Amino acid sequence: MIFDISKTKSIANTFIAELRDETIQKDSMRFRRNMERIGEFFAYEISKSLKYVNRETVTPLGVSNGEVLSEQPVLATILRAGLPLQQGLLNIFDKAECCFISAYRKANKGGDFIIQMDYISTPDLAGKVLIMADPMLATGQSMVMCCKELINRYKIAELHIVAAIASAEGVAHVRANLPKAKLWLGAIDQEMTSKSYIVPGLGDAGDLAYGEKV
């Protein structure tokens, strides 16, 4: 399943447009907040697919019956770029536990790269709904590697992948390797550069959020 924001008219498309805008990007606080907003939007949409139970709530004037989440999902992200997007999810799923993964592109002498994964810090994911957040789904290699590592360690009940911008190639790679995953995407772009940056994309999300890395 793929949910693509750009296919429907909503305020979320404004946030995606601002994330892409090179002038607005100069305000890193605004960039982080817009990425959070995308996370909040997707959290709301994902919440519609989760399981609920009926619960009584005692009010000052009586008793009310309502549907509440039966269990919180676990929110995972790939450091450092994914932190604002994950924070947006956490703003909505505010009782959720979190998982953090350190993974990055390690360049080879020939100009290509491999995905280096240094560590994973996670709660028990057995039987849990896992939401993996990464702002840019480019080649999809790091996403697939990280998700497969977690799937191999734990019997995850359900996997959701959230990205602000994805490439068509990255989407195809994820669907081929993680066929049961549900994808929640802000937009799908058709091209990538020779260095695997999405075009038109938005640039380097980590640098725009936290400053250029050395």
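This report walks through the overall build, the nonpolar cores and a few salt bridges of the protein shown above.

**The big picture**

Keep in mind that this is a predicted model. The secondary structure comes to 6 helices and 14 strands. With 214 residues, a compact globule would have a radius of gyration near 17 Å, and the 18 Å of this protein agrees with that. Along the principal axes, the C-alpha atoms fill a box of roughly 70 × 40 × 30 Å. Of the 214 residues, 43% count as buried. The accessible surface comes to about 11400 Å², and carbon and sulfur atoms hold 52% of it. As for contacts with a separation of 6 or more, 61% join residues that sit 24 or more positions apart.

**Helix α1 and what lies over it**

Start with helix α1, which spans residues 12-20; Ala12, Phe15, Ile16, Glu18 and Leu19 are buried there. Looking down the axis of α1, you'd find these buried residues within an arc of 160°, so they line one face of the helix. Their cover includes helix α2 (28-47) and strand β10 (165-167).

Leu19 is a good residue to click on. Leaving aside residues up to four places away in sequence, Leu19 touches Gln25, Phe31, Asn34, Met35, Ile38, Ala164 and Leu202.

**Two nonpolar cores**

Nonpolar side chains tend to be buried together in soluble globular proteins. Here the largest nonpolar core has 34 residues, and Leu19, Phe31, Ile38, Ile165 and Leu202 are the ones that touch the most other members. Two or more residues each come from α1, α2, α3 (83-92), β7 (129-133) and α6 (205-210). Helix α2 gives the largest share, 7 residues. Apart from this core lies another one of 28 residues, including Ile120, Leu125, Leu159 and Ile161.

**Salt bridges**

The count comes to 12 salt bridges. Here are three of them.

| Side chains | N to O distance |
|---|---|
| Arg33 and Glu36 | 3.2 Å |
| Arg80 and Asp207 | 2.5 Å |
| Lys213 and Asp204 | 2.7 Å |

The Arg33 and Glu36 pair is a local affair: the two are 3 residues apart in helix α2, which puts about one helical turn between them. An α-helix has 3.6 residues a turn, so residues three or four places apart point the same way. Is each partner buried or partly exposed? Arg33 is partly exposed, at 33% relative accessibility. Glu36 has 19%, so it counts as buried, the cut-off being under 20%.

The Arg80 and Asp207 bridge has a longer reach along the chain. Arg80 lies in the loop between β4 (74-79) and α3, while Asp207 is in helix α6, so the pair ties together parts that are 127 residues apart in sequence. Arg80 is partly exposed, with a relative accessible area of 27%, and Asp207 is buried at 18%.

Which residues make up the network that this bridge belongs to? Through salt bridges that share partners, Arg80, Asp204, Asp207 and Lys213 are joined into one network.

Helix α2 is worth a second look, then: α2 is part of what covers the buried residues of α1, gives the largest share of the largest nonpolar core, and holds both Arg33 and Glu36. Helix α6 also turns up twice, giving residues to that core and carrying Asp207.

Technical notes:
Residues numbered from 1 in each chain as written. Predicted model: local features only at pLDDT ≥ 70, side-chain atom pairs only at ≥ 80, totals over all residues. Heavy atoms only, no water. Buried < 20%, exposed > 50% of the residue type's maximum accessible area, 1.4 Å probe, protein only. Helix = DSSP H or I, 4+ residues; strand = E, 2+ residues; numbered from the N terminus. Arc of directions from axis to C-beta. Contact = heavy atoms within 4.5 Å. Core = buried A, V, L, I, M, F, W, Y, C linked by side-chain atoms within 4.5 Å. Salt bridge = Lys/Arg side-chain N within 4 Å of Asp/Glu carboxyl O. Rg over C-alpha atoms; globule rule 2.2 N^0.38 Å. Areas by Shrake-Rupley, 256 points an atom, 1.4 Å probe, with all protein chains shown as cover.
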